[in-house]
Amino acid sequence: MKPEVRIDRTATGLLLRSGSGWEIRFGGPEELDRKLDLARSFLRDNPTRRLDYLDVRSPERIVFSPQ
């Protein structure tokens with residue numbers, strides 16, 4: 001599977017899908033720089049965590065699965 005970035009017209013908004021299938025859900029363009037920083041920090045601090053998704057649509061409450 002190739003990495004991809006797409007805009008989902010549902011509630012997900014901007015979505016980045018990795019080559020191994022997990023994804024980062026950014027939502028709308030509001031505070032995109034902050035959301036990118038949060039995603040980078042999370043991935044840097046948890047390099048071996050298995051992920052299905054990381055959701056930073058609401059920067060005050062990051063959600064990820066599996067927990």
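A search of the whole structure finds one aromatic pair (ring centres of Phe, Tyr or the six-membered ring of Trp within 6.5 Å; planes under 30 degrees apart are stacked, over 60 edge-to-face, the rest tilted). The structure is a predicted model, in which local features need pLDDT of at least 70 and side-chain atom pairs count only at pLDDT 80 or more, while totals for chains, interfaces and linings use all residues. Residues are numbered from 1 along each chain as its sequence is written, and side-chain values use heavy atoms, with hydrogens and water left out.

The pair consists of Phe-42 and Phe-64. Their ring centres lie 4.9 Å apart. The planes meet at 45 degrees, and the geometry is classed as tilted. Phe-42 lies in helix H1 (residues 32-45) and Phe-64 in strand E5 (residues 63-65), so the pair ties together parts that are 22 residues apart in sequence. Helices (H or I, at least four residues) and strands (E, at least two) are DSSP runs numbered from the N terminus. Phe-42 and Phe-64 are both buried (buried is under 20% relative accessible area, exposed over 50%, partly exposed in between, with a 1.4 Å probe and protein chains only).

Both phenylalanines also belong to the largest nonpolar core. Such a core is a set of buried Ala, Val, Leu, Ile, Met, Phe, Trp, Tyr and Cys residues joined through side-chain atoms within 4.5 Å. This one has eight residues: Ile-24, Phe-26, Ala-39, Phe-42, Leu-51, Leu-54, Val-56 and Phe-64. Strand E3 (23-27) and H1 each supply at least two of them. In soluble globular proteins, nonpolar side chains tend to be buried together. Leu-54, a core member, has contacts (heavy atoms within 4.5 Å) beyond its neighbours within four places in sequence. Among them are Ile-24, Ala-39, Phe-42 and Phe-64. Leu-54 also contacts Glu-23, Arg-25, Leu-43, Ile-62 and Val-63.

Charged side chains form a second theme. The count comes to seven salt bridges, each a side-chain nitrogen of Lys or Arg within 4 Å of a carboxyl oxygen of Asp or Glu. Arg-17, Glu-23 and Arg-25 are linked in a network of these bridges. Between Arg-25 and Glu-23, the closest N and O atoms are 2.8 Å apart. Arg-25 and Glu-23 are both buried. Arg-17 lies in strand E2 (residues 13-17). Arg-17 counts as buried because its relative accessible area is 19%. The side chains of Arg-17 and Glu-23 are joined by a polar contact of 2.7 Å. A polar contact is a pair of N or O atoms within 3.5 Å; within protein, one must be able to donate a hydrogen and the other to accept it, and residues adjacent in sequence count only if both atoms are side-chain atoms. Arg-25 additionally lies over the face of Tyr-53, at 3.9 Å from the ring centre (NZ of Lys or CZ of Arg within 6 Å of the centre and within 35 degrees of the ring normal).

Asp-55 sits in strand E4 (residues 53-55). Its salt bridge with Arg-57 has closest N and O atoms 2.5 Å apart. The side chains of Asp-55 and Arg-57 also register as a polar contact of 2.5 Å. The two partners fall into separate accessibility classes: Asp-55 is buried at 8%, and Arg-57 is partly exposed at 33%. Leaving out residues up to four places away in sequence, Asp-55 touches Arg-25, Arg-61, Ile-62 and Val-63.

Arg-34 has two acidic partners to report. One is Glu-31, with which Arg-34 forms a salt bridge; the closest N and O atoms are 3.0 Å apart. Glu-31 is partly exposed, at 45% relative accessible area, and Arg-34 is partly exposed at 36%. The other is Glu-60, whose side chain makes a polar contact of 3.1 Å with that of Arg-34. Glu-60 is in the loop between E4 and E5. With 60% relative accessibility, Glu-60 counts as exposed. Glu-60 and Leu-38 are 22 residues apart in sequence, with C-alpha atoms 9.9 Å apart in space.

Two backbone features complete the description. Glu-31, in the loop between E3 and H1, has a phi near 55 degrees, a positive value in a residue other than glycine. Ser-65 and Pro-66 are joined by a cis peptide bond, with omega about -5 degrees. Pro-66 is found in the segment after E5.
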